[in-house]
Amino acid sequence: MRRPSALLAALLPALALAACGHRDLSAVDPAGPQAARIADLTWYLTIVGSAVFVVTVAFLLYALWRGHRRVENYSGEAAERHIHRWIYGAIGVTTLILLVTLIYNFTTGRALANFAEPDALTIRVTGHQWWWQVQYVDPVPSNRFETANEIHVPVGRRVRIEVQAADVIHSFWVPNLHGKVDLIPGYTNTTYFRADRAGVYHGRCAEFCGYQHARMDFLVIADPPAQFAAWYRNQLRSAPPPADSVQQVGQQVFLSTRCAMCHAVRGTDAGSHVGPDLTHLASRGTLAAGTLPNLRGSLGGWVLDPQSIKPGAYMPPNPLKPDELHALLSYLESLK
Amino acid sequence: MSSTEARVPAGLLNPAERELMERTWRPRGGVWGWLIATDHKSIAKRYIITAFVFFLLGGIEAFLIRLQLARPENHLLDPDQYNQIFTMHGTTMMFLFGVPIQLAVALYLVPLMVGTRNVAFPRLNALGYWTYLIGGLFLYVSFFLNTGPDAGWFAYVPLSGPQFGAGKRVDVWAQMVTFTEIAALTAAVEIIVTVLKQRAPGMSLNRIPIYVWSVLVTSFLVLFAMPSVALASTAMLAMDRLVGTHFFNPAEGGDPLLWQHLFWFFGHPEVYIMFLPATGYVSGIIPVFARRKMVGHTALVLSLVATGFVSFGLWVHHMFTTGLPQLGQSFFTGASLMIAIPSGVQIFCWIATLWAGRPKFDTPLLFVIGFIVLFVCGGITGVMIASVPFDQQAHDTYFIVAHLHYVQVGAFVFPLFAAFYYWFPKLTGRMLSERMGKWNFWLFFVGVNVTFFPQHFLGLMGMTRRVYTYLPETGWGPLNLLSTVGAGIIAASVVLFLANVVRSLAAGLPAGNDPWGGHTLEWDTASPPPPYNFAHIPVVDGLYPLWERAPGAPVVTGMAAGKRQVLVTSVMDAEPESIYEHPAPSVWPLIVALAIGVTFIFGIFTPWAFLIGPALMFTPLVMWFWPKRKEPHERSFAEEPA
């Protein structure tokens, strides 16, 4: 929690709970200025809203208690005038609170929009059913590359995300860094954020997009600048050639079976962009858009039978013989 | 005016004339009588029961959703089943329960409250019900045949379009919308005309009961909102899917965002279509149980009208993440905050009335109090998500789920239950059990809070909506389990309500005309009311007719007991203008509804249905409107010799 006042924690223990989910997905635990602005606004809205709620319900309960004890109605012209004065007052206070809220909303919205910067690091994210295509855009063609489901950003630098949709509407959301932005076919939307502390931040698709909407996650990994530069350099490289005979067999399996029909591994003949780019698969933390940890066992299960793990996904089952699978996994694990 | 003489025995119906009136209005018995019925009470009752059955079905779907999400990586439902079920839940609650039940209750109460014998256009009323029934049955038959829609109740393109929404699932959804639109539009027209032209003499605009105002405003919302979704789904989406138009296909110059604008231009007012009548129940019920006239009647009416207008300026707040220009979005933030002011006015008037009166805590008032608490909570989260920056975090998360259920369950279902308890005696002649009612209330109140309050935190913890499962590492498990427990409490409460209804129908205390000391005209007649509602149409001389009526107040005399006559009065002052003879019960509305059903159901498969359908409708429509030659339909007072 970034804004821990004792009063607040006492008032809203449960909101504090929201700030410490097990995975880093909280909207009130900002890791950058954009999310921090929204979190400040969230706290304001929550506190003012809770106060209004408490006061209104207190008035209601008092009214019931007071009314219940009456022997005779409070009515007549003077009574109505008295009551109306209270109502006018309440409406005045309500309007005032709403006006202040409106102004705070506008200034926050303005600040979020003004975060745009022309020479930010630009990353193009394209939503597919049900994975994320990630392209690092650079004026120099040799500085461009593609990856999937995992976005690395340097700590302290503004990032410009351009989002597009390949099929249906998706929504790009990394709660720790910024609010969400929709990926709509035919449109390109942009959003800017900056990560101020290194870490792994979870992202999700927020717009319902069919069968596997629930399993369309991604990671945003904020690295210190030097580490980011190293990662970037590595991603620019083609896949390393097979280091031993097992990996060599694995590469043959990859290129001669269905794998190569959808996936690209730069440096080989596999160049299809239907599915995620696998050039540096082994450097990524998760498989199948955040569905599984990237471990040999889960990778094997995923290759053999994706439909039992993520029913409806567009990857078909791949009935490989055990030694073929073993070789393929060794090859994929070498794609660092 | 000859028709509104003072109450002199000579002008009143004698026993023989009463007998004649009974015979004139008495519905035909048997199955045939049921099929041809046009009495507003009989249509409205079946409307209410049908909508309540859909409420139970939608509730079962909600419970399945909660069971699936009770723990991470649950395998009760697969993603396909889950997507169908949450789509069915939303669709059922919005299209088959929410709007229809509010209009159904209005179709029952409005003629009684304004003091007339039937709704305007009684045959249209029958048509509306049959169309609605066909739409609901069609949706559920499709669902049980595994063709249930699975693109959400909002059916965003392109997911619902021809390319990604395979099979006929979305077509079923689109045509179900058509059926319920027709039903809602017919009901809205009937209510508007009934309220404006059939009020009892003396019920000038400033004496219309607040509940009637609320449904009048609601009916106008229906008229202006529903065509938008009808255009989007019945015309554009169905044509994209059936004949390959490209309204929503960006590759051919179409636009997926167009769908969202059209859908929410309907979708947001729809929230108020459900909510405004609910505030009408509340404003009608509070004076009875606070035993005091409402504080600020005029302010309440103006609030209703203001809410109605502003509700059309909110739709973009469902689209704050779509990348629309910021300045444009600001207007919708402003409007979304502004609508809190008329709602605030209503809340303050309710609280003030309870404070200045002497509340007695019967079940209807308990539900009203629960409503105020839940509505304040839902309203405040509504103000929160009207903020563009906050909504960019909260949008499509469980925070929204929590908010919308606080306003839908809290601010619509709670008043509806208050209304059930309050008007059940009028509909059936029997009281519901107070003891079971109080259990019903407390279980419901606790259940709703246990279910939906934790969802605010789930949303802020990153839980997105419409997910069939989640991973254990997210830490969402415990709060989801709590939420599911709450759903169980709600289910127990609803079962208790059903038990209460069944028990009370058999053995409830007899209600008499006016068990609560009500102030509106429906309490001036028997429970349940006779088919003609009032033997003599009352003359109204105040906003609270039954509380303000002097002994020996005049009634309308001189209407023929042997004809189905209703009194037509002027819009502003309810001055008698003419007597209109209502049409007899008829089977043709049912036949027309069946023809509409054939048209739109077969229209899923072939565009030819839209040529054959109107041909099928032609003869029944001619028969429906075939004029009766024998006597003049209308008799104007102006033509009468004095």
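The exercises below, each with a worked solution, treat the cysteines and the salt bridges of a predicted model.

Residues are numbered from 1 along each chain as its sequence is written, and chains are lettered from A in the order in which they are written. Local features need pLDDT of at least 70 and side-chain atom pairs count only at pLDDT 80 or more, whereas totals for chains, interfaces and linings use all residues, and side-chain values use heavy atoms, with hydrogens and water left out.

**Exercise 1.** Determine how many disulfides the structure holds over all chains, and describe the surroundings of Cys259(A) and Cys262(A).

*Solution.* Start from the criterion, by which a disulfide is a pair of cysteine sulfur atoms within 2.5 Å. Over all chains, the count of such pairs is 0. Next take Cys259(A), whose nearest cysteine sulfur belongs to Cys262(A) and lies 9.1 Å away, and which is in no disulfide. Seen from Cys262(A), the nearest cysteine sulfur is that of Cys259(A), again at 9.1 Å, and Cys262(A) too is in no disulfide. Finally, consider accessibility, where buried means under 20% relative accessible area, exposed over 50%, and partly exposed in between (1.4 Å probe, protein chains only). Cys259(A) has 12% and is buried, while Cys262(A), with 27%, is partly exposed.

**Exercise 2.** Locate the two partners of the salt bridge between Glu162(A) and Arg124(A) in the chain, and state whether each is buried or exposed, or in between.

*Solution.* A salt bridge requires a side-chain nitrogen of Lys or Arg within 4 Å of a carboxyl oxygen of Asp or Glu, and for this pair the N to O distance is 3.3 Å. Helices (H or I, at least four residues) and strands (E, at least two) are DSSP runs, numbered from the N terminus. On that basis Glu162(A) falls in strand 5 (residues 159-165) and Arg124(A) in strand 1 (residues 121-128), so that the pair links distant parts of chain A, 38 residues apart. Glu162(A) is buried at 12% relative accessible area, whereas Arg124(A), at 26%, is partly exposed.

**Exercise 3.** Find the places in chain B that the salt bridge of Arg466(B) with Asp396(B) links, and give the accessibility of both residues.

*Solution.* The search of the whole structure finds 21 salt bridges over all chains, and in this one the closest N and O atoms are 3.0 Å apart. Arg466(B) sits in the loop between helix 15 (434-460) and helix 16 (477-507), and Asp396(B) in the loop between helix 13 (388-394) and helix 14 (398-428), with 70 residues separating the two. Both count as buried, Arg466(B) at 11% and Asp396(B) at 3%.
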